[in-house]
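Here is a short tour of a structure for you to follow along with. Keep the viewer open, and we will go from a covalent link to the core and then to a few individual residues.

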Amino acid sequence: MNNFRQRLEGLMGKMVIAIIVMTCINFVLVGIRYQQSRTKLDKAVASFEQSGLLPEVALASLDGKDSKQPEVVRPYAELLNQLEAKCIEPRTELMGISRALTKHERKQQQEVTYLEGLQELMSDVESGFEKFPATCMEAYSYHVQASQQ
């Protein structure tokens, strides 16, 4: 009986170590994915900033809307304003994050507009964080990770 107990305790110790190792590996992988997303976003934002367009105008144009009409652009601007108040990222980065989220949803065979991508990002931010301002890139990373499980 004592021998069995020693084996069981040894096995439990090994399982605890395995769980700790797996958690560490998962943490590293999430960090790597975040950094890769961050690098892509930085390149996209730099390219966009050279164009001189306002983020809300660009998103409305990408949705095929008449971006010269203020009432058409207003919903995009309002969502970006709300996100800007809750996130540490500047407006152009928030546009990039919402574009990435929209493209991800489209790869999942969902028909999503860029306005809906902004709404989804806002929903993720509001449900995913208790304190603001938050790192909204994390909300995007969690969204993508959750959809792949």
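Let us begin with the covalent link: this predicted model holds one disulfide. The bond joins Cys87 to Cys136, with an S to S distance of 1.7 Å. Cys87 sits in the loop between α3 and α4 while Cys136 belongs to helix α6, so the pair ties together parts that are 49 residues apart in sequence. The torsion about the S-S bond is about -85°, and the disulfide is therefore left-handed. Are the two cysteines buried or exposed? Both Cys87 and Cys136 are buried.

A good place to go next is Val125, which touches both cysteines of this bridge, along with Leu83, Lys86, Phe132 and Ala139, leaving aside residues up to four places away in sequence. Val125 is also among the residues with the most contacts inside the largest nonpolar core, together with Leu59, Leu83, Leu118 and Leu121. That core has 27 residues. Which helices supply at least two residues each? They are α2 (55-62), α3 (70-86), α4 (91-107), α5 (114-128) and α6 (136-147). The largest share, six residues, comes from α5. As general background, nonpolar side chains in soluble globular proteins tend to be buried together.

Now for two residues to look at side by side, Ser98 and Lys86.

| Residue | Helix | Relative accessibility |
|---|---|---|
| Ser98 | α4 | 0%, buried |
| Lys86 | α3 | 22%, partly exposed |

Why does Ser98 count as buried? Its relative accessibility is 0%, and the cut-off for buried is under 20%. The side chain of Ser98 reaches the backbone oxygen of Met95 at 2.9 Å. Beyond residues up to four places away in sequence, Ser98 touches Leu59, Gly117, Leu118 and Leu121. Of these partners, Leu59, Leu118 and Leu121 appear among the core residues with the most contacts.

Lys86 counts as partly exposed because its relative accessibility is 22%. With residues up to four places away again set aside, Lys86 touches Met122, Val125, Glu126, Phe132, Pro133, Ala134 and Cys136. The C-alpha atoms of Lys86 and Met122 are separated by 9.1 Å, and the two residues lie 36 places apart along the chain.

Finally, a word on confidence. The protein chain averages a pLDDT of 81, and 81% of the residues score at least 70. Where is confidence lowest in the chain? It is lowest in helix α1 (residues 2-51), with a mean of 68, whereas α3 has the highest value, 94.

Definitions and conventions:
Residues are numbered from 1 along each chain as its sequence is written. This is a predicted model: local features need pLDDT of at least 70, side-chain atom pairs count only at pLDDT 80 or more; totals for chains, interfaces and linings use all residues. Side-chain values use heavy atoms; hydrogens and water are left out. A nonpolar core is a set of buried Ala, Val, Leu, Ile, Met, Phe, Trp, Tyr and Cys residues joined through side-chain atoms within 4.5 Å. Buried means under 20% relative accessible area, exposed over 50%, partly exposed in between (1.4 Å probe, protein chains only). Helices (H or I, at least four residues) and strands (E, at least two) are DSSP runs, numbered from the N terminus. Contact means heavy atoms within 4.5 Å. A polar contact is a pair of N or O atoms within 3.5 Å; within protein, one must be able to donate a hydrogen and the other to accept it, and residues adjacent in sequence count only if both atoms are side-chain atoms. A disulfide is a pair of cysteine sulfur atoms within 2.5 Å. pLDDT is the predictor's confidence in each residue, from 0 to 100.
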